Amino acid sequence: MLIAQLSDIHVGGGRYRPELLQASIEEVNAAQPDLVVIAGDVTDEGYADEYAAARDELAALACRRVVVVPGNHDARNVGYLRFEDTFGPRDSRLRDEIAGVEVALVAVDSSKPDLNEGEVGREHYGWIQEGFADEVELRIFVCHHHLMPIPWTGRESNQVLDAGDVLSLLRECDVDLVISGHRHVPWVWPVAGMLLVHSGTAATLRTRGFTHPAYNLIRVERDRIAVEVCIAGGEHSALGAYPRRWPEGLSGRHQEYLVWPRRGLALAEDAPAAER
């Protein structure tokens, strides 16, 4: 199964280059991925004209399965409403057989209007658990913001505010792959049985420690997941190949000693009546 991961396109921004996006899309189409994930910051300021331009450019993607989540730039200027008008719900779930693999994907809007930092929010936790329930071969979680700091991106100030809770929740849900963007640096963190895969900016010159605009190709094979960073019109380099099945001592998937609310029950309803 092949996944193309793009993020941080920033259509309409001063350092946006449409030729970079077009070249990336041409290469992605040539690779014929089974799934395309666009991990936020599709626009630069969330304005209607930026959304219209982004919609027109991304319409060139040939893949029939495209998942898009908003980023902090998309949420500006009430842009989160324009995102819904353009791309559909900000949160989505997918369960399907893709390239012979049973996949459960949960995509969450981690942005907050006019804030750079993100938050998944406890109101999403039960919904995320439900999306990953039942047996599947591959579980994928998508959000814009990073759950762990990324090297060579400066001071850490705007990762997901509830990152600890979300990492614990995803581990409990046996998530295999976390796809994010936001920091404009391609990077992979193997953590607790999961791969946290970040992509750079695909279409702008807003680069940081990794100085080239780029996207990722993620290949899910029988025994491993391989990640490749791709410079549009340039080199492709490996970001590593990682085992699908981790030793229990490293993943710690079933060592949770904290108490999670039962699925489908609001936190306010979880306490005994006498404590309300």
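For the tally of cavity-lining residues below, Ala, Val, Leu, Ile, Met, Phe, Trp, Tyr, Cys and Pro count as nonpolar, Asp, Glu, Lys and Arg as charged, and the others, Gly among them, as polar. Keep in mind that what you're looking at is a predicted model.

## The cavity

Let's start with the empty space inside. Rolling a probe the size of a water molecule over the atoms shows where empty space is left. Searching the whole structure turns up one cavity of 30 Å³ or more. The volume of the largest cavity is about 50 Å³. Which residues line the largest cavity? The lining is made up of Asp176, Gly193, Leu195, Ile225, Pro243, Arg244 and Trp246. Sorted by type, the lining of the largest cavity has four nonpolar residues, one polar residue and two charged ones.

## Cysteines

How many disulfides are there? The count is zero. Cys63 isn't in one: the nearest cysteine sulfur belongs to Cys230 and sits 15 Å away. A disulfide needs the two sulfur atoms within 2.5 Å. Cys63 itself is buried, at 15% relative accessibility.

Cys143 tells a similar story. Its closest cysteine sulfur is the one in Cys173, and because the gap is 14 Å, that is too far for a bond. Cys143 is buried too, with a relative accessible area of 0%.

## Two helices

Helix 1 covers residues 18-31. At 1.5 Å a residue, its 14 residues should span 20 Å, and the end C-alpha atoms are indeed 20 Å apart, so the expected and actual spans agree. Its buried residues are Leu20, Leu21, Ser24, Ile25 and Val28. They take up an arc of only 130 degrees around the axis, so they fall on the same side of helix 1. Turn to the other side of helix 1 and you find Glu26 and Ala30 exposed.

What about helix 5, residues 163-172? Helix 5 is mostly covered, with seven of its ten residues buried. The buried set in helix 5 is Ala163, Val166, Leu167, Ser168, Leu169, Leu170 and Arg171. That list takes in a charged residue, Arg171. After helix 5 comes Asp174, which has a positive phi, near 60 degrees.

## Positive phi elsewhere

Most residues other than glycine have a negative phi, and most peptide bonds are trans. Asp174 has company among the exceptions, starting with Ala99. Phi of Ala99 is positive, near 55 degrees, and the residue is not a glycine. Ala99 belongs to the loop between strand 4 (92-98) and strand 5 (101-107). It counts as partly exposed, at 47% relative accessibility.

Then there's Asp134, another non-glycine, with a positive phi of about 75 degrees. Where is Asp134 found? Look in the loop between helix 4 (125-131) and strand 6 (138-142). Buried or exposed? Asp134 is exposed, with a relative accessible area of 61%.

## Loop residues

The loop between strand 9 (194-198) and strand 10 (214-220) holds Gly209. His212 lies in that loop as well, and so does Pro213. Gly181, by contrast, has its place in the loop between strand 7 (177-180) and strand 8 (187-191). Here is how accessible these four residues are:

| Residue | Relative accessible area | State |
|---|---|---|
| Gly209 | 44% | partly exposed |
| His212 | 40% | partly exposed |
| Pro213 | 12% | buried |
| Gly181 | 1% | buried |

Pro213 counts as buried because its 12% is under the 20% cut-off.

Some C-alpha separations help place these residues in the fold. Gly209 and Arg183 are 26 residues apart along the chain, and their C-alpha atoms are separated by 9.7 Å. For His212 and Ala232, 20 residues apart along the chain, the C-alpha separation is 8.9 Å. Gly181 and Thr204 are 23 residues apart along the chain, with 13 Å between their C-alpha atoms. Pro213 and Glu137 are 76 residues apart in sequence, and C-alpha to C-alpha they are 32 Å apart in space.

Key: Residues are numbered from 1 along each chain as its sequence is written. This is a predicted model: local features need pLDDT of at least 70, side-chain atom pairs count only at pLDDT 80 or more; totals for chains, interfaces and linings use all residues. Side-chain values use heavy atoms; hydrogens and water are left out. Buried means under 20% relative accessible area, exposed over 50%, partly exposed in between (1.4 Å probe, protein chains only). On a 1 Å grid over the protein atoms alone, a cavity is a set of points where a 1.4 Å probe fits but cannot get out, and a pocket is an open set with protein on both sides within 12 Å along at least five of seven lines; lining residues have an atom within 4 Å of a point. Grid points are joined across faces, edges and corners, and a volume is the space filled by probe spheres set on the points. Helices (H or I, at least four residues) and strands (E, at least two) are DSSP runs, numbered from the N terminus. The expected span of a helix is 1.5 Å times one less than its number of residues. The arc is that of the directions from the helix axis to the C-beta atoms.
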